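Here is a short set of questions and answers on helix packing and cores. Each answer works toward the value or name asked for.

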Amino acid sequence: MSDQWHLRESYTYDRNVIAEIQRAANTGIYRIRGWGAKRELPTLDDLVVLGASMSRYPLEGYREACGTDVVIGEGRAAKPVRLDIPVTIAGMSFGSLSAQAKEALGRGANAMGTSTTTGDGGMTPEERGHSKTLVYQYLPSRYGMNPDDLRKADAIEVVVGQGAKPGGGGMLLGQKINERVAQMRTLPEGIDQRSACRHPDWTGPDDLEIKITELREITDWQVPIYVKVGAARPYYDTALSVKAGADAVVVDGMQGGTAATQDVFIEHVGIPTIAAIPEATRALRELGVHRGEVKLIAAGGMRSGADVAKAMALGADAVSIGTAALIAIGDNDPRHDEEYRALGSAAGAWDDFQAGNDPAGITTQRPELASRLDPEIAGRRLANYLQVLTLEAQTIARACGKSHLHNLEPEDLAALTVPAAAMAKVPLAGTDWVPGREHLA
Amino acid sequence: MSDVTTFDLAEQSVRELNQHLHDVEGGSFRVTNPRGAHAVAAGIDADVAVEIDGSVGYYCAGMHQRGTVRIDGNASTGLAENMMSGTVRITGSATMSAGATGHGGLLVVEGNAGARCGISMKGIDIVVGGDVGHMSAFMAQAGTLVVLGDAADDLGDSIYEAEIYVRGSVASLGTDCVEKPVEAEHLAVLTDLLERSGLDADPADFRRYGSARELYNFHVDDIDAELADGGPDEVDAELADGGPDENGAA
């Protein structure tokens with residue numbers, strides 16, 4: 001027997017765990033990084049779609065219409081948001097991203113008729129200019145918040161939390177706080193910015209209702225207002241958002257990305273997207289607004305048209321992508337592998353978005369790096385990716401006999417694992433067993 | 001006066017009032033019977049003069065730009081929140097988060113202000129004739145908070161570059177907020193703000209508070225680098241001094 005068989009690694013203390021203990025012992029600070037949860041979690045891959053057969057009638061995959069549009073804010077806002085596809089670009093700030101990356105996101109979204117979103121740091125004239133439909137985030141920090149930009153927005157998203165860190169505030173380390181970013185946020189250059197996690201002038205859903213009314217008053221009831229929550233208690237958060245007057249509720253699961261957050265937060269706080277969507281949908285159904293007055297936007301680990309279709313079958317009206325959009329425009333591209341390795345990482349593993357030294361020129365404020373990203377080419381890549389997500393989702397919907405993505409329903413799904421069946425509230429494949437169904441209304 | 005337009009909120013809606021204020025370029029307005037309504041005179045961006053007879057609810061004069069708003073009464077949460085410019089004055093008291101996140105302009109609270117007055121302020125000047133509640137100027141980034149009365153607990157917690165002046169007592173200072181000397185330049189700022197606020201006080205009676213700037217950056221140790229640079233002696237010396245720096249995370 002070879003000696004190597006004596007080298008047994010611990011399951012409990014694997015190499016990642018050992019490395020993290022050693023890193024912590026050396027530095028005395030928790031690990032801060034970008035990306036989202038990296039550990040194995042239940043995902044939408046744990047669900048399968050039940051295509052049509054004898055009891056269902058499919059649509060012709062290449063010919064028959066399958067609608068993809070979504071309208072948000074109809075009834076309350078004078079100018080509802082009308083999207084051609086139900087895949088939106090999630091909030092990512094100028095500051096965390098380079099101006100070129102923001103422009104690329106705008107160009108890609110425009111080409112496919114969907115929206116982009118600002119982030120913790122305000123709206124830049126460039127991103128307003130490059131985004132036909134721009135959602136303006138209203139965050140606890142209120143960095144750069146002003147009524148002029150508020151009135152330029154096509155929608156306002158009140159951010160209560162995000163999936164990578166429900167209960168936590170934003171973070172932008174000093175390497176990325178250059179003169180312009182500092183000025184936009186009214187902060188000293190080079191500080192490690194740790195944003196507020198609570199809104200400064202409202203606490204709880206009763207206050208939020210009044211806050212939303214104020215935002216509508218300031219914008220003369222022109223645009224829809226979303227509320228974004230990190231997935232922790234999505235049933236209650238969704239119900240309370242509806243009560244507060246939201247036109248859309250964005251529920252961001254724990255696979256959702258971040259530009260910089262404590263690793264312990266990313267990996268251990270929140271619930272997976274597959275568990276969050278059905279609970280949010282249940283709240284909307286009970287309040288009689290599902291697929292109606294209030295739209296549900298699901299986010300957190302959306303990668304493929306299959307994810308889009310499954311999220312919509314679970315009740316979402318649209319999905320939002322962040323990490324996948326960055327990958328589409330060039331993040332973790334193998335072309336930069338040598339440079340990633342020089343930084344102690346590798347293409348496919350790079351998550352140091354907080355460091356500001358991104359070889360791809362996306363999560364950086366350094367001009368020499370940011371200039372590597374061609375916004376037109378990157379925008380085309382994003383448009384192509386969005387196109388594929390849409391075509392894939394339509395493919396699945398047509399196979400289920402649906403003439404619109406919104407016609408997908410939980411009945412079109414089955415689960416591959418018992419946990420997925422319990423979380424998604426669909427039957428385990430080949431059975432009619434939904435664990436916990438007896439506890440549901 | 002005939003050139004003053006009156007809105008009676010017993011008869012007209014806040015929506016009608018605000019839309020009118022958003023549509024005009026200037027003028028004088030009187031608002032009667034506000035009866036605690038929310039978002040009264042929110043979103044003004046014109047050289048108007050608005051007088052409100054009575055008490056208002058949340059977010060009165062929210063995101064105010066240019067012009068003046070005067071409230072003869074009290075206000076609830078978020079008075080003049082995220083104000084950009086102009087003047088907002090209240091003769092009574094304001095509850096929580098008065099002047100929150102304000103970027104500019106002058107907010108005068110002649111009475112008391114509740115908790116979190118000037119929270120996350122970003123350039124606004126706030127003068128309070130009475131006391132301020134706990135956590136006032138929390139994470140305050142820029143601007144000046146002047147308090148003629150007392151300040152409750154945790155004043156200026158996690159403050160950035162805003163300046164605080166208090167004439168009365170301070171129950172306690174928040175994390176990273178320290179007392180600083182009052183120099184001639186600060187007396188000049190105080191004199192100007194007191195004059196513009198119309199509140200009577202001697203600038204020499206105030207004490208000044210601001211950031212110790214200890215929380216601006218994470219304190220990161222690197223024992224391995226020290227070992228590579230100078231060998232174990234330096235690490236031992238550091239440990240003898242009381243160990244590595246405290247993690248600055250808040």
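Q: At what angle do helix α2 (residues 99-112) of chain A and α14(A) pack, and are they parallel or oblique to each other?
A: In this predicted model, the axes of α2(A) and α14(A) are 7 Å apart. Their packing angle is about 45°. Angles under 35 degrees would count as roughly parallel, and 65 to 115 as roughly perpendicular. α2(A) and α14(A) are therefore oblique.

Q: Is the crossing of α2(A) and α14(A) left-handed or right-handed?
A: The α2(A) side of the contact includes L105(A), G108(A) and M112(A), and the α14(A) side includes L382(A), L386(A) and T390(A). The contact residues divide into ten nonpolar, five polar and three charged. The crossing of α14(A) by α2(A) is right-handed.

Q: Which helix gives the largest share of the largest nonpolar core?
A: This core has 93 residues. Among those with the most contacts inside it are I321(A), L382(A) and L386(A). I321(A) is in contact with Y385(A), L386(A) and L389(A), among others. Nine residues of the core, the largest share, come from helix α14 (residues 375-399) of chain A.

Q: Which residue with a positive phi follows α7(A)?
A: Helix α7 (residues 234-244) of chain A has buried residues including P234(A), Y235(A), V242(A) and A244(A). Their cover includes α6 (204-218), β11 (225-230), β12 (248-252) and α9 (273-286) of chain A. After the helix, phi is near 105° at G245(A).

Key. Residues numbered from 1 in each chain as written. Chains lettered and ligands numbered in written order. Predicted model: local features only at pLDDT ≥ 70, side-chain atom pairs only at ≥ 80, totals over all residues. Heavy atoms only, no water. Core = buried A, V, L, I, M, F, W, Y, C linked by side-chain atoms within 4.5 Å. Buried < 20%, exposed > 50% of the residue type's maximum accessible area, 1.4 Å probe, protein only. Helix = DSSP H or I, 4+ residues; strand = E, 2+ residues; numbered from the N terminus. Contact = heavy atoms within 4.5 Å. Axes fitted to C-alpha atoms, helices over the stretch in contact; angles between N-to-C directions. Parallel < 35°, antiparallel > 145°, perpendicular 65-115°, else oblique. Left-handed = near helix turned anticlockwise from the far one by under 90°. Nonpolar A, V, L, I, M, F, W, Y, C, P; charged D, E, K, R; others polar. Lists of a residue's contacts leave out its neighbours within four places in sequence.
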